[in-house]
Amino acid sequence: MSGGDLFGALPDHLVQRVLSFLPSRDAVKTAVLARRWRYLWSLLLFRDAASPLRSFEINADLLIGEERDEVDPHVDLWIRHAVSTCRARSLIARFDDQRFWHEKIMWSPRQKLPFASPHLTTMHLRGVILDHGSLDLPKLLHLSLRACRLNADAIVSPLLKRLHIMDCESGSPIRISTPSLRHLQLSGDHQGFLAPAAL
């Protein structure tokens, strides 16, 4: 043996398979070995789909690029996998990383509604740009949007009971169609929002 990095020669999918046998805490620690290993420990992708996730939480410290000025593209994959394959019931996603006093790094989903799921009942989004037409969430019961940029034209959710929209931006009016709504909280500049269809 030459003493070189034997794992370094393996393709990502084999390294991920090896890491899947480690306890979660040990697998996460491998991220310090090399830049290539930073996201290889993503155990979510190997999770047994037979057992639904109770909750999935993802935070803002996922910036990449030479100036760390963009959100890692794996975020879309992780969120989609968590809510569809792993059937997460709750999603918490926070992305408004304040790099400078005048600049925020936000996450903009690359596809329309990566968190659409018949299993998701609670969703808290912070620092997310939503700009894919109607935000249609048929099974959601609780929705919280904080410091988001809302370019959608409607929030539609027939079962939604609690809606919190705090410090969000909207370039045009947004129709809120939530006939089962029992609790509504709006804070900050909410001039761009129309009244809910029913309270």
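## The parallel sheet

In this predicted model, six strands come together as an open sheet, with parallel pairing and the order β1-β4-β7-β10-β13-β16. The edges of the sheet are formed by β1 (55-58) and β16, each of which pairs on one side only, and from one strand to the next the twist averages 0 degrees. Strands of a sheet are held in pairs through backbone hydrogen bonds, and the pairing may be either parallel or antiparallel.

One pair within this sheet can be followed in detail: strand β4 (residues 90-94) runs parallel to strand β7 (residues 122-126), and the two are joined over five bridges. In this pairing, Arg94 stands opposite Arg126 in β7.

## A helix with a buried face

Helix α1 covers residues 12-19, and its buried residues are Val15, Gln16 and Leu19. When α1 is seen down its axis, these buried residues fall within an arc of 100 degrees, so they line one face of the helix.

## A buried loop residue

Leu181 belongs to the loop between β15 (174-177) and β16 (183-187). Because its relative accessibility is 0%, and buried means under 20%, Leu181 counts as buried. Although Leu181 and Lys161 are 20 residues apart in sequence, their C-alpha atoms are 4.1 Å apart in space.

## Enclosed space

Rolling a probe the size of a water molecule over the atoms reveals where empty space is left. In this model there are two cavities of 30 Å³ or more, and the second largest holds about 30 Å³ of space. The second largest cavity is lined by Phe115, Ala116, Ser117, Leu120, Leu137, Pro138 and Leu140, a lining with six nonpolar residues, one polar residue and no charged residues.

Terms used:
Residues numbered from 1 in each chain as written. Predicted model: local features only at pLDDT ≥ 70, side-chain atom pairs only at ≥ 80, totals over all residues. Heavy atoms only, no water. Buried < 20%, exposed > 50% of the residue type's maximum accessible area, 1.4 Å probe, protein only. Helix = DSSP H or I, 4+ residues; strand = E, 2+ residues; numbered from the N terminus. Arc of directions from axis to C-beta. 1 Å grid on protein atoms, 1.4 Å probe; cavity = no way out; pocket = protein on both sides within 12 Å on 5 of 7 lines; lining within 4 Å. Points joined across faces, edges and corners; volume = space filled by probe spheres on them. Nonpolar A, V, L, I, M, F, W, Y, C, P; charged D, E, K, R; others polar. Pairing = 2+ DSSP bridges. Axes fitted to C-alpha atoms, helices over the stretch in contact; angles between N-to-C directions.
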